[in-house]
Amino acid sequence: MKAHASQAHQPAGRKVTVFGAGSWGTALALLLASNGHAVTLWARRAQVAEHIRRTRHNPTYLPEVELPASIQVTAELREAAVAREVWIVATPAQAVRALAEQLRPWAHPALIIVSVAKGLEIATLKTTTQVLAEVLPIVPRERIGVLYGPSHAEEVAAGMPTTVVASAPSCAVAEEIQELFMAPTFRVYVNPDLIGVEIAGSVKNVLALAAGMSDGVGFGDNAKAALITRGLAEIQRLGVRLGADPSTFAGLAGIGDLVVTCMSRHSRNRYVGEQIGRGRTLEEVQQEMQMVAEGVPTTAAVYRLARELGVEMPITEAVYQILFEGKKPREAVRELMAREAKYEDWLPRSTDTAPPNGVAASETTSSR
Ligand SMILES: NC(=O)C1=CN([C@@H]2O[C@H](COP(=O)(O)OP(=O)(O)OC[C@H]3O[C@@H](n4cnc5c(N)ncnc54)[C@H](O)[C@@H]3O)[C@@H](O)[C@H]2O)C=CC1
Ligand SMILES: O=C(CO)COP(=O)(O)O
């Protein structure tokens with residue numbers, strides 16, 4: 001693995017396109033341009049691209065951020081996609097398949113694709129790199145990775161210190177992604193456990209909704225700590241069932257992103273949860289938001305996936321019932337607290353600490 005910590009940044013000057021001019025696409029385009037890459041930012045709407053070209057500001061997302069003239073901005077897919085070395089996919093997760101289908105004519109075997117969209121596709125329960133690999137088979141699977149981790153766009157755009165994880169099936173490709181983004185205020189680690197990183201980064205949004213609901217209802221720090229800790233346990237159970245390395249969940253993509261999303265004032269998922277906790281409906285909250293809260297569709301996907309795989313995810317189940325079945329948050333918490341007594345499920349077990357009769361041991365060891 002390369003040691004970047006003490007290296008001065010070396011601009012690599014690669015031809016990169018960021019697809020999606022929302023908050024994250026805008027912040028990453030800025031970061032990549034300041035790293036010396038030749039950056040194109042693709043916006044879905046022509047008038048948005050035109051506005052950014054004219055004013056160098058995105059009218060809707062991070063409007064205070066000035067985008068340098070070196071960033072080419074377009075709404076034309078061909079112009080954005082053709083003859084590029086790297087594509088960054090920064091749309092909502094549910095839009096990745098349709099975008100990839102449109103991009104097919106310009107994909108090539110030397111391309112690297114980096115998904116920064118966090119979520120699972122509702123229709124197929126696939127991660128975004130699985131969707132991209134399926135739609136773009138000309139790009140070798142090992143060249144499709146992610147950049148995930150605790151990274152709110154507002155802070156990245158303001159140059160505040162941020163650390164994330166680059167992951168891909170090939171470590172060499174993950175290191176290329178690392179090198180692309182690594183900057184004085186943006187430190188990138190490599191984690192080769194792609195499925196673990198993707199599950200961690202996607203499912204934490206469900207738990208951020210739960211954390212927001214807890215805030216909205218008026219619960220305190222104890223409840224938030226419980227949601228983060230027990231939430232991580234259920235994210236890890238799902239990830240490990242899908243083949244992830246358990247240690248990924250103790251890293252930046254796991255506990256790191258879960259903590260920031262459950263705690264941050266910038267988190268859209270936490271915000272949506274908070275509004276619902278205060279008694280508003282999901283429809284009301286989503287209607288007034290211009291931004292995506294990935295946890296909402298991902299809750300539906302994870303709920304189904306967990307059932308299909310027989311993985312116990314009680315908090316996710318509660319969030320699903322609140323979002324889609326009208327359950328009241330307080331009622332869901334009452335039910336979570338009244339679950340059977342258990343052993344905490346990721347402590348090392350030894351024969352002389354076997355659970356006493358009458359206290360149910362967690363099932364999670366067997367589901368790992
Ligand atoms: N905002 C953040 O701090 C971070 C966001 N992410 C992830 O990045 C992805 C994008 O998020 P944001 O940029 O924050 O969202 P956003 O809500 O700020 O912007 C979404 C962008 O996607 C575009 N879009 C919406 N539907 C589309 C479609 N069907 N086809 C093409 N484009 C479409 C919108 O026009 C907008 O430009 C999400 O998966 C999010 O979880 C990841 C890390 C940080
Ligand atoms: O993924 C994120 C931070 O790492 C962004 O979270 P929100 O979508 O909840 O704002």
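Where does ligand 2 lie with respect to domain 1 (15–192) and domain 2 (202–367)? In this predicted model, both domains give residues to the shell around ligand 2, so the ligand lies between them. The rest of this passage starts with the overall build, moves on to the two domains, and then comes back to the ligand and the annotated positions.

The protein is built from 16 helices and eight strands. Its C-alpha atoms fill a box of roughly 65 × 45 × 40 Å along the principal axes. For 368 residues, a compact globule would be expected to have a radius of gyration near 21 Å, and the 21 Å of the protein agrees with that. Burial comes out at 49% of the 368 residues. As for contacts with a sequence separation of 6 or more, 72% of them join residues that are 24 or more positions apart.

The chain splits into domain 1 (15–192) and domain 2 (202–367), and their C-alpha centres sit 28 Å apart. Where they meet, domain 1 puts in 23 residues and domain 2 puts in 23 residues. On the domain 1 side, the largest share comes from strand β7 (residues 162–167), which supplies three residues. That side of domain 1 is made up of 10 nonpolar, 10 polar and three charged residues.

Back to the ligand. The shell around ligand 2 counts 15 residues, and the closest are Ser-151, Thr-261, Ser-267, Arg-268 and Asn-269. Three helices each give two or more residues to this shell, namely α8 (194–217), α10 (252–263) and α11 (268–277). Sorted by class, the shell has seven polar, five charged and three nonpolar residues.

How does this fit with the record? An unreviewed UniProt entry uses the annotation "binding site" for Lys-118, Gly-149, Ser-151, Lys-204, Asp-257, Ser-267, Arg-268 and Asn-269. Ser-151, Ser-267, Arg-268 and Asn-269 from that list also turn up among the closest residues to ligand 2. A "binding site" annotation in the unreviewed entry also covers Lys-118, Arg-268 and Asn-269 as a set. These three are spread over 152 residues of sequence, yet they cluster in space, with a largest C-alpha distance of 12.7 Å.

Taking the annotated positions one at a time, Lys-118 is in the loop between β5 (112–115) and α5 (128–135). Is Lys-118 buried or exposed? It has 28 C-beta neighbours inside 10 Å, so Lys-118 counts as buried; the cut-off for that is 20 or more. Beyond its neighbours within four places in sequence, Lys-118 is in contact with Ala-93, Tyr-148, Gly-201, Ser-202, Asn-205 and Glu-294.

Asn-269 sits in helix α11. With 27 other C-beta atoms within 10 Å, Asn-269 is buried. Setting aside residues up to four places away in sequence, the contacts of Asn-269 include Asn-205, Ala-208, Leu-209 and Gly-212, along with Thr-261, Ala-293, Glu-294 and Gly-295. Asn-205 and Glu-294 therefore appear in the contact list of Lys-118 and in that of Asn-269, going by the 7 Å C-beta criterion.

Gly-149 and Asp-257 make another pair worth a look. Gly-149 is in the loop between β6 (144–148) and α6 (153–157), whereas Asp-257 is part of helix α10. Gly-149 is buried, with 27 other C-beta atoms within 10 Å, and Asp-257 is buried with 27 as well. Among the residues that Gly-149 touches, outside its sequence neighbours up to four places away, are Thr-163, Val-164, Val-165 and Asp-257. From the side of Asp-257, the contacts outside that sequence range include Tyr-148, Gly-149, Pro-150 and Lys-204.

Finally, two residues stand out for their backbone. Arg-56 has a phi near 65°, a positive value in a residue other than glycine, and is located in the loop between α2 (46–55) and β3 (72–74). With 14 C-beta neighbours inside 10 Å, Arg-56 counts as partly exposed. Ala-83 likewise has a positive phi, near 55°, and is not a glycine. The loop that holds Ala-83 runs between α3 (77–81) and β4 (86–89). Ala-83 counts as exposed, with 8 C-beta neighbours inside 10 Å.

Terms used
Residues numbered from 1 in each chain as written. Chains lettered and ligands numbered in written order. Predicted model: local features only at pLDDT ≥ 70, side-chain atom pairs only at ≥ 80, totals over all residues. Helix = DSSP H or I, 4+ residues; strand = E, 2+ residues; numbered from the N terminus. Rg over C-alpha atoms; globule rule 2.2 N^0.38 Å. Buried ≥ 20, exposed ≤ 12 C-beta atoms within 10 Å, placed from the backbone. Contact = placed C-beta atoms within 7 Å. Near = placed C-beta within 6 Å. Nonpolar A, V, L, I, M, F, W, Y, C, P; charged D, E, K, R; others polar. Domains from an automatic or database assignment. UniProt positions renumbered as here; feature names shortened; annotations may be inferred.
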